Amino acid sequence: MIDLRLLREDPDAVRAAYSKRGGVKGLDEVIAADAVYRERLKEVEELRAEQNRASKAIGNAAPDDRPAAIAEAKELSDRLKELEPVLEEVQQKLESLAAHLPNLPHSSVPEGASEDDNVIEREVGERRDFDFEPKDHVELGEALGIFDSERGAKTSGSRFVYLTGNGVLLELALVRFALERLSERGFKPMAPPLLVREHAMYGTGFFPADEFEIYRLERDDLYLIGTSEVPLAAYHSGEVLDAADLPVRYAGFSPCFRREAGSYGKDTKGLIRVHQFDKVEQFSLTTAEDSWDEFATIRANEEMILQALEIPYRVAVMCGGDLGSSAAKKVDHEAWLPGAQRYLELTSASNTTDYQSRRLKIRHRGKEGTALVHTLNGTAVAVGRTIVALLENHQQADGSVDIPEALRPYTGFSKLTPPA
RNA sequence: GGAGGCGUGCCCGAGUGGCCGAAGGGAGCGCACUGCUAAUGCGUUAAGGGGUUAACACCUCUUCCGGGGUUCGAAUCCCCGCGCCUCCGCCA
């Protein structure tokens, strides 16, 4: 949720910020609904003030005067009962309209409507020279026997996979590796609930914007998380944190569930786009003053991990149109896949400023009263896609795959080889 | 799944229909005192919205887990939900 006061006081500034997203639909409707709301609010509040006075007077009135006073107060109360539902309706309309407004892009966000307008900030790491034709991860993975898509599909449908054998060990190694690196840097490991209530989805901005992407358990009114960002953000909902404790940093480890609606036919094979994958996620809560420094920290951690895994990547700054609703700025790290001959988004860092904390009511107490915290999130390791990048980049001519040095303490093996 | 108890401000906790936005304590802040720290004394501090102001101030509404209801009036009474605790059942 954006700050409606800002919209009210300076609609042009909001409009200008939104122009980076290629404009946002429904802004005028929100402004109009807000005006109607405030008009009604004033009406009702004046009546309430009168009613409160009348009703208070009854308590102090002499017994003889009471019947008349009660009659008068009752009339006011009756009138209120007619007006209040109208106010309620107007307010809900305002809220549901405003809930669709995305966050305001930061000034450094490039303008643009689609991913074609994202800006490549830089390339990091050397692409290897292969003296053989590099294979893609599907071919490699199947030959190595580390995952099984076909039986995944048999059991659960397309886009579900079994990790098998050393694939599982590789996954656990990546998770341990990421958790240790982050926990050294002050991020507390968390294994959150995977099923959450609606308020958590709404509070993080996944509802209403991305509702179609989320699995729903209708019987129990719960939703499967698409990222641990959701339960980590909701963890402190309704709380007032001590400013001295900020930043609060978490390393969430969880499976992630995504319906991948609307991506039929895209990345249908292998581990790239699946309905379920495991991920270690960074999540920070901090002050408005520090949030861009924290953003830099999260980005640096992501790069540190990619470099340790010896994966060449490029840094892509998302343009306004490619931001997602809750982010004020988003930066992706895209790995180069020599087999597939393309880049693949491996990690992504977002500063959602106060967009989530306003909905979740997470504040901090500082010298000048309370203020909304800023929340940030960023991938540490998305296991499936990281395996993709490891396979393709570290493959050898004989079909084996070298494990990067940094990961070996966690895997216990230095090479993946096809089963004899 | 069954029975009962509980949910109050930053934290703890009193409050069973009007004098309650809420006693008291802790914590924070300010002042005083004190070589320093600590201790002590006095004062002060809820949040959110709307109006108004150059600003301070001020006016007003809402909020005692959430949602409904009764009433002129609800922290207080009733109903539903959520959470926590205790007991029983079940279970890794």
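**Group meeting: the sheet and two helix contacts**

The open sheet here has 8 strands, in the order S1-S11-S12-S13-S16-S10-S9-S4, and the pairing is mixed. At its edges are strand S1, residues 119–124, and strand S4, residues 188–190, each of which pairs on one side only. From one strand to the next, the twist averages 25°. Before I go on, please keep in mind that this is a predicted model.

Let me stay with the S4 edge. How many bridges join S4 to strand S9? There are 3. S9 covers residues 248–257, and S4 and S9 run parallel. To take one residue on S4, Lys 188 has Tyr 250 in S9 as its bridge partner.

Now the helix on this part of the sheet. Helix H7, residues 166–184, lies across S4 and S9, and also across strand S10, residues 276–286, and strand S16, residues 374–382. Against S10, H7 runs at about 5°.

The other contact I want to show is between two helices. Two packed helices are described by the angle between their axes and by the distance between those axes. Helix H3 spans residues 27–60 and helix H4 spans residues 66–98. Their packing angle is about 160°, and the axes are 8 Å apart. Angles over 145 degrees count as roughly antiparallel, so that is how H3 and H4 lie to each other. What residues, by class, make up the contact of H3 with H4? It has 21 nonpolar, 5 polar and 9 charged residues. As for handedness, H3 and H4 make a left-handed crossing.

That is what I have on the sheet and the helices.

Methods: Residues are numbered from 1 along each chain as its sequence is written. Chains are lettered from A and ligands numbered from 1 in the order in which they are written. This is a predicted model: local features need pLDDT of at least 70, side-chain atom pairs count only at pLDDT 80 or more; totals for chains, interfaces and linings use all residues. Side-chain values use heavy atoms; hydrogens and water are left out. Two strands pair if DSSP finds at least two bridges between them. Helices (H or I, at least four residues) and strands (E, at least two) are DSSP runs, numbered from the N terminus. Axes are lines fitted to C-alpha atoms, for helices over the stretch in contact, and angles run from 0 to 180 degrees between N-to-C directions. Contact means heavy atoms within 4.5 Å. Angles under 35 degrees count as roughly parallel, over 145 as roughly antiparallel, 65 to 115 as roughly perpendicular and the rest as oblique. A crossing is left-handed if the near helix is turned anticlockwise from the far one by less than a right angle, and right-handed if clockwise. Ala, Val, Leu, Ile, Met, Phe, Trp, Tyr, Cys and Pro count as nonpolar, Asp, Glu, Lys and Arg as charged, and the others, Gly among them, as polar.
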